[in-house]
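Colleague: I am new to this structure and would like to learn how to read its features one at a time. Could we go through them together, with the general idea put before the particular case?

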Amino acid sequence: MHYQPDRGFQHPVASDITPRAVYEARRDCLRAVALGAAGTALGAWAGRDALASTAAPGKLAPLPGGRSSVSGATTMEKPTPYKDASTYNNFYEFGTDKSDPARYATTLKTKPWTVAIEGEVRKPGTFDIDSLLKLAPMEERIYRLRCVEGWSMVIPWVGWSLSELIKRVEPTGNAKFIQFVTLADTSQMPGLRSSVLEWPYVEGLRMDEAMHPLTLMAFGMYGEALPNQNGAPLRLVVPWKYGFKSSKSIVKIRFLEKQPRTSWEVAIPSEYGFYSNVNPKVDHPRWSQATERRIGEDGLLTKKRPTLMFNGYESQVGQLYAGMDLRKFY
Ligand SMILES: Nc1nc2c(c(=O)[nH]1)N[C@H]1C(S)=C(S)[C@@H](COP(=O)(O)O)O[C@H]1N2
Ligand SMILES: [Mo]
């Protein structure tokens with residue numbers, strides 16, 4: 001099943017059940033493989049509940065992704081129920097309560113949408129969302145997302161490696177960093193009235209981090225277009241870093257020679273650094289980062305999970321930080 005650009009982004013179609021079914025079947029299959037032959041029956045049985053609760057309601061445009069060949073792109077962990085992933089959000093442009101983005105991001109207008117490419121590239125310019133959707137084959141990646149606040153989710157994203165876009169705009173030799181800029185329109189984003197952060201929301205990556213195949217430009221989740229509250233129509237997902245590095249609703253990407261400012265670093269530099277790699281051994285000044293609460297499995301008796309080095313992606317990304325003092329470069 002391929003993404004069909006001529007269907008556009010906003011039009012649900014009658015066959016919307018198909019891509020979801022395909023993705024669920026593949027996920028169950030992966031789980032069965034992970035459990036081994038003896039666990040297959042149990043996996044299929046337990047999977048039925050999970051299947052019903054993790055699935056998207058089918059209201060947004062289908063956006064299936066092919067299987068990714070990128071190492072580490074698909075965790076075997078059970079995806080967080082769609083309901084949780086789409087109602088427990090951080091998107092301060094719409095308010096600081098977890099429920100604010102789902103409630104208020106309905107005013108976000110995601111079409112038309114363009115992304116400007118500026119700075120140290122041979123081919124600067126403006127990409128329309130429709131051309132970005134067609135830029136590279138869509139892949140599904142099931143990533144852990146670890147928020148710096150101490151909770152996590154498992155989300156099946158749909159998109160392509162950011163490197164696909166970077167290659168096409170041909171960075172110059174001076175391009176050492178990339179900055180991502182989120183939309184900041186007061187008429188659509190009530191949270192901009194608050195000064196919790198400096199707007200627009202800006203984030204950044206070092207060029208080698210941006211080029212890493214795990215760094216995803218996401219357009220969808222759970223086999224469908226992104227809900228507004230999750231950063232429609234396109235957002236970044238950097239799975240080995242704390243969630244705030246994954247900018248939502250991006251309108252500009254700048255290629256820079258110097259390390260850019262980031263909104264969180266500007267707001268509280270002693271607590272949030274440029275790198276912000278998930279690291280259970282480097283605590284936040286106000287709380288431990290050793291464990292995490294998995295959203296959707298909270299209960300009185302639910303044990304917290306140990307947080308993994310680089311959020312479990314150490315074998316893929318550890319080399320990027322060889323020789324760096326991760327306490328200093330937090
Ligand atoms: N523009 C923008 N992007 C953002 C944020 C934000 O407030 N504004 N919050 C970040 C934080 S703190 C997290 S944990 C993730 C949450 O993504 P999700 O709501 O899709 O789970 O988005 C990140 N991207
Ligand atoms: Mo976060």
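Colleague: Let me begin with the ligand: how many Å lie between a polar side-chain atom of Asn230 and an oxygen atom of ligand 1?

Modeller: Please keep in mind that this is a predicted model, and that a polar contact here is a pair of N or O atoms within 3.5 Å. In this case a polar side-chain atom of Asn230 is 2.9 Å from an oxygen atom of ligand 1. Lys248 also places a polar side-chain atom by an oxygen atom of the ligand, at 2.7 Å, while for Glu93 the partner is a nitrogen atom of ligand 1, which lies 2.8 Å from a polar side-chain atom of that residue. The protein buries 98% of the 530 Å² that ligand 1 exposes when taken alone.

Colleague: Which residues come nearest to ligand 1?

Modeller: There are 18 residues around ligand 1, and those that come nearest are Asn89, Tyr92, Glu93, Ser246 and Lys248. Glu93 and Lys248 are thus on this list, and each has also appeared above with a polar side-chain atom by the ligand, Glu93 at 2.8 Å and Lys248 at 2.7 Å.

Colleague: Turning to empty space, how much of it lies in the largest pocket?

Modeller: The general idea is that rolling a probe the size of a water molecule over the atoms shows where empty space is left. Here the largest pocket holds about 470 Å³, and among its 30 lining residues Asn90, Phe91, Cys147, Gly243 and Phe244 are the closest to the centre. Strand 5, which covers residues 151-161, contributes the most to this lining, with four residues. Sorted by class, the lining of the largest pocket comprises 18 nonpolar, seven polar and five charged residues.

Colleague: And which residues lie nearest the centre of the second largest pocket?

Modeller: They are Tyr242, Glu271, Val282, Asp283 and Tyr330, out of 19 residues that line this pocket. The space in the second largest pocket is about 240 Å³, and its lining divides into 10 nonpolar, six polar and three charged residues.

Colleague: Finally, in which sense, parallel or antiparallel, do strand 2 and strand 11 pair?

Modeller: To read a pairing, one looks at the bridges between two strands and at the sense in which they run. Strand 2 (residues 114-119) and strand 11 (residues 250-256) are parallel and share four bridges, with Ile117 opposite Ile253 of strand 11. Strand 6 (residues 177-182), by contrast, pairs with strand 11 in the antiparallel sense over six bridges, and there Val181 has Lys252 of strand 11 as its bridge partner.

Notes
Residues are numbered from 1 along each chain as its sequence is written. Chains are lettered from A and ligands numbered from 1 in the order in which they are written. This is a predicted model: local features need pLDDT of at least 70, side-chain atom pairs count only at pLDDT 80 or more; totals for chains, interfaces and linings use all residues. Side-chain values use heavy atoms; hydrogens and water are left out. On a 1 Å grid over the protein atoms alone, a cavity is a set of points where a 1.4 Å probe fits but cannot get out, and a pocket is an open set with protein on both sides within 12 Å along at least five of seven lines; lining residues have an atom within 4 Å of a point. Grid points are joined across faces, edges and corners, and a volume is the space filled by probe spheres set on the points. Ala, Val, Leu, Ile, Met, Phe, Trp, Tyr, Cys and Pro count as nonpolar, Asp, Glu, Lys and Arg as charged, and the others, Gly among them, as polar. Two strands pair if DSSP finds at least two bridges between them. A residue is near a molecule or strand if one of its heavy atoms lies within 4 Å of it. A polar contact is a pair of N or O atoms within 3.5 Å; within protein, one must be able to donate a hydrogen and the other to accept it, and residues adjacent in sequence count only if both atoms are side-chain atoms. Accessible areas come from the Shrake-Rupley method with a 1.4 Å probe; for residues, only the protein chains shown count as cover.
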